[in-house]
Amino acid sequence: MSDPIDRLYAAVHALKGAAAGASRTAKLLATGTPKIAQKLGEEAVEVAIDAALGNRHGVVMESCDLLYHLAVLWAHLDIEPAVIWAELERRERMMGIAEKLPKPPAV
Ligand SMILES: N=c1c2ncn([C@@H]3O[C@H](COP(=O)(O)OP(=O)(O)OP(=O)(O)O)[C@@H](O)[C@H]3O)c2ncn1[C@@H]1O[C@H](COP(=O)(O)O)[C@@H](O)[C@H]1O
């Protein structure tokens, strides 16, 4: 079974081209990149505010909104989650190698 983000992306992507009245997601997708990016930024700020206030429950809730809006942006740009996972894995491998390299001398 695919993970929740893959499923969320698939659900959101399926709404591309749907009438804006079909759902909130279809309406948001129809607004275009600047508006989607703005919503994503707002959700990120909401996560940060809840974290700064020590509101753990708020961080969880706003993180879900943030991931949803990230999935909307990816779907709008046709960036499949697999592309993101591949880059994360590439970095994981790169950092694994970096850890094994001798440390440069202290200056
Ligand atoms: N996972 C989500 C999801 N998470 C958050 N949200 C929406 O994002 C909103 C949070 O963002 P805001 O705080 O900006 O919401 P708001 O204050 O109402 O702002 P505006 O609507 O005025 O922009 C929530 O109120 C939800 O409406 C989501 N809407 C949809 N999904 C999933 O997306 C798919 C498509 O959903 P539909 O849009 O219902 O077809 C389905 O799989 C849904 O489960």
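# Exercises on a helical chain

H4 has 22 residues, and from its first C-alpha to its last it reaches 31 Å, close to the 32 Å expected at 1.5 Å a residue. The model is predicted, and the exercises below work through its helices, core and ligand shell.

**Exercise 1. Find how many helices and strands the chain has, and compare its radius of gyration with that of a compact globule.**

Solution.
- Step 1: The secondary structure comes to 5 helices and 0 strands. Along the sequence the pattern reads α-α-α-α-α.
- Step 2: For 107 residues, a compact globule would have a radius of gyration near 13 Å, whereas the chain has 18 Å.
- Step 3: The C-alpha trace spans about 60 × 35 × 30 Å along its principal axes.
- Step 4: Buried residues account for 17% of the 107 residues.
- Step 5: Take the contacts between residues at least 6 apart in sequence; 52% of them join residues at least 24 apart.

**Exercise 2. Check the span of helix H3 against its number of residues, then inspect the residue with positive phi just after H3.**

Solution.
- Step 1: Helix H3 covers residues 33-52, which is 20 residues.
- Step 2: The expected span is 1.5 Å times one less than the number of residues. For H3 that should be 28 Å, and because the end C-alpha atoms are 28 Å apart, the two agree.
- Step 3: Just after H3, Gly54 has a positive phi of about 75 degrees.

**Exercise 3. Decide whether Asp78 is buried or exposed, and describe its backbone.**

Solution.
- Step 1: Asp78 sits in the loop between H4 and helix H5 (81-100).
- Step 2: A residue counts as exposed if 12 or fewer other C-beta atoms lie within 10 Å of its own. Asp78 has 9, so Asp78 is exposed.
- Step 3: Most residues other than glycine have a negative phi. Phi of Asp78 is positive, near 55 degrees, and Asp78 is not a glycine. This residue comes just after H4.

**Exercise 4. List the buried residues of H4 and examine Leu66 among them.**

Solution.
- Step 1: The buried residues in H4 are Glu62, Leu66, His69, Leu70, Ala71, Val72, Trp74, Ala75 and His76.
- Step 2: Leu66 lies in helix H4. The cut-off for a buried residue is 20 or more other C-beta atoms within 10 Å; Leu66 has 21, so Leu66 is buried.
- Step 3: Setting aside residues up to four places away in sequence, Leu66 touches Glu43, Ala44 and Val47.
- Step 4: Leu66 and Lys39 are 27 residues apart in sequence, with their C-alpha atoms 8.7 Å apart in space.

**Exercise 5. Classify Ile84 by burial and give its C-alpha distance to Trp74.**

Solution.
- Step 1: Ile84 belongs to helix H5.
- Step 2: With 14 other C-beta atoms within 10 Å, Ile84 is partly exposed.
- Step 3: Ile84 and Trp74 are 10 residues apart in sequence and 9.6 Å apart in space, C-alpha to C-alpha.

**Exercise 6. Describe the largest nonpolar core and the helices that supply it.**

Solution.
- Step 1: In soluble globular proteins, nonpolar side chains tend to be buried together.
- Step 2: The largest nonpolar core has 13 residues, of which Tyr9, Val12, Leu29, Ala71, Val72, Trp74 and Ala75 touch the most other members.
- Step 3: H1, H2 and H4 each supply at least two residues of this core. H4 gives the most, with 6 residues.
- Step 4: Take Val12 as a case. Apart from neighbours within four places in sequence, Val12 is in contact with Thr25, Ala71, Val72 and Ala75.

**Exercise 7. Name the residues around the ligand and sort them by character.**

Solution.
- Step 1: The residues around the ligand are Leu8, Ala11, Val12, Leu15, Ser23, Arg24, Thr25, Lys39, Cys64, Asp65 and Tyr68.
- Step 2: By character, the shell holds 6 nonpolar, 2 polar and 3 charged residues.
- Step 3: At least two residues of the shell come from each of helix H1 (4-13), helix H2 (24-31) and helix H4 (56-77).
- Step 4: Val12 is one of the residues around the ligand, and Val12 is also a member of the largest nonpolar core.

Terms used:
Residues are numbered from 1 along each chain as its sequence is written. This is a predicted model: local features need pLDDT of at least 70, side-chain atom pairs count only at pLDDT 80 or more; totals for chains, interfaces and linings use all residues. A residue is near a molecule or strand if its C-beta atom, placed from the backbone, lies within 6 Å of it. Helices (H or I, at least four residues) and strands (E, at least two) are DSSP runs, numbered from the N terminus. Ala, Val, Leu, Ile, Met, Phe, Trp, Tyr, Cys and Pro count as nonpolar, Asp, Glu, Lys and Arg as charged, and the others, Gly among them, as polar. A nonpolar core is a set of buried Ala, Val, Leu, Ile, Met, Phe, Trp, Tyr and Cys residues joined through C-beta atoms within 7 Å. Two residues are in contact if their C-beta atoms, placed from the backbone, lie within 7 Å. The radius of gyration is taken over C-alpha atoms; the globule rule is 2.2 Å times the number of residues to the power 0.38.
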